[in-house]
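Colleague: Please take a close look at one part of this predicted model, the salt bridges and their surroundings. After that, place that part in the rest of the chain.

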Amino acid sequence: IILWEEAYNHGFLSNKDVIVDVWLSVEKMAEVVKNGYHAILSAGYYLDRQLPLGPDYAHYFFFDTWKDFYGTNPMPTGLTPEQQKRVLGGEASMWAECADESNFDTTVWPRASAAAERYWSGDRTTDILDATHRLQFHRCRLKVRGISVQGIGQGICHSLETPDNDDGSGSTSPNTASIVLLVIGSVLLVVGGVLIALTARRMIRTRKGEQEHLALHDPVEADQIAATITNVSFVPLDAQTP
């Protein structure tokens, strides 16, 4: 059973098997788990709020609130290993007062993805700039799959191919089909070039052979040569011309 934080705050919990959803403050998370309860954190992950962490964390652009989600660690500091086991994770909350079928996807995505990476990564991955590249790439992944995702700053999707085989690094990796097509195209190009060269060489050799055959075996030319030889006469040098 999951109960809101108010059940804990007002002392209504007698069973330590329930899970407390902490939504009013991040600081409350440590208190709850230290008192023996399992908990999940919603505070700092409200997708409908312009100021997820309060007035001290204001952004000019609404989409920049994903940075608040990413910077909020659901694991409080100062907990013992046993207390850390009671931290079950976080929850990115969306409310029907602020969204319907017309804007649900753009309100939730891709900002909820920032919260998801924070839940799975813990303290190992915290660089906002590095996360920006991954989130922009993931936004393109969602977009080409038909989801009406919100923009997160300057950045467009250059490729309309579904990047199913990407590595999540933020750069598009060629899939297997693209590599196969590239190899086949290269082979056909080489084979075509070789065939053209061989055909041209054969045509040149054929033309040359025809010319040699005509020079040696043309009967008209042979008759002309014979007639010229027959009409040759030898005149003595001292003979008088009549």
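Modeller: Asp130 and Arg134 form a salt bridge in this predicted model, with 2.7 Å between the closest N and O atoms. Both residues belong to helix H7 and are four positions apart, which is about one turn of the helix. Asp130 is partly exposed at a relative accessible area of 39%. Arg134, by contrast, has a relative accessible area of 18%. The cut-off for buried is under 20%, so Arg134 counts as buried.

Arg134 has a further acidic partner, Glu117, and here the closest N and O atoms are 2.6 Å apart. This pair connects two helices: Glu117 sits in H6 (residues 111-121) and Arg134 in H7 (residues 128-144), so the salt bridge ties together parts that are 17 residues apart in sequence. Glu117 is partly exposed, at 23% relative accessible area. Taken together, Glu117, Asp130 and Arg134 make up a network of salt bridges. In general, side chains of opposite charge can pair when their charged atoms come close.

Helix H7 also holds Arg141. Arg141 is buried, with a relative accessible area of 12%. Its side chain makes a polar contact of 2.5 Å with the side chain of His138.

The whole structure has five salt bridges. One of them joins Glu82 and Lys85, where the closest N and O atoms are 4.0 Å apart. The salt-bridge criterion is a distance within 4 Å. Glu82 is partly exposed at 45% relative accessibility, and Lys85 is exposed, with a relative accessible area of 59%.

Now the rest of the chain. Its secondary structure amounts to nine helices and four strands. Read from the N terminus, the order of elements is β-α-β-α-β-α-α-β-α-α-α-α-α. The chain has 242 residues, of which 28% are buried. Among contacts with a separation of 6 or more, 49% are between residues 24 or more positions apart. The exposed area of the chain is about 16,600 Å², and carbon and sulfur atoms supply 59% of that area.

The four strands form an open sheet, ordered E1-E2-E3-E4, with parallel pairing. Strand E1 (2-4) and strand E4 stand at the edges with a single partner strand each, so one side of each has no neighbour in the sheet. Neighbouring strands are turned against each other by 25 degrees on average, direction ignored. Strands of a sheet pair through backbone hydrogen bonds, in either a parallel or an antiparallel way. Between E1 and E2 the parallel pairing extends over three bridges, and Ile2 has Ile19 in E2 as its bridge partner.

Helix H2 lies across E2, E3 and E4, and runs at about 165 degrees to E3. The buried residues of H2 (residues 27-34) are Lys28, Met29, Ala30, Val32 and Val33. These buried residues pack against strand E2 (19-22), strand E3 (38-41) and strand E4 (87-90), and also against helices H1 (5-9) and H4 (81-84). Glu82 of the salt bridge with Lys85 falls within the residue range of H4. Just after H2, Gly36 adopts a positive phi of about 95 degrees.

One loop residue can be added to this picture. Asn15 is in the loop between H1 and E2, and at 38% relative accessibility Asn15 is partly exposed. The side chain of Asn15 reaches the backbone nitrogen of Asp17 at 2.9 Å. Asn15 is also 8.8 Å from Tyr37, C-alpha to C-alpha, with their positions 22 residues apart in sequence.

To return to the part you asked about: the network comprises Glu117, Asp130 and Arg134. Arg134 is its buried residue at 18%, while Glu117 is partly exposed at 23% and Asp130 is partly exposed at 39%. The link from Arg134 to Asp130 stays within H7, whereas the link from Arg134 to Glu117 runs from H7 to H6.

Key: Residues numbered from 1 in each chain as written. Predicted model: local features only at pLDDT ≥ 70, side-chain atom pairs only at ≥ 80, totals over all residues. Heavy atoms only, no water. Buried < 20%, exposed > 50% of the residue type's maximum accessible area, 1.4 Å probe, protein only. Contact = heavy atoms within 4.5 Å. Areas by Shrake-Rupley, 256 points an atom, 1.4 Å probe, with all protein chains shown as cover. Salt bridge = Lys/Arg side-chain N within 4 Å of Asp/Glu carboxyl O. Pairing = 2+ DSSP bridges. Axes fitted to C-alpha atoms, helices over the stretch in contact; angles between N-to-C directions. Polar contact = N/O pair within 3.5 Å; in protein donor to acceptor, adjacent residues only side chain to side chain.
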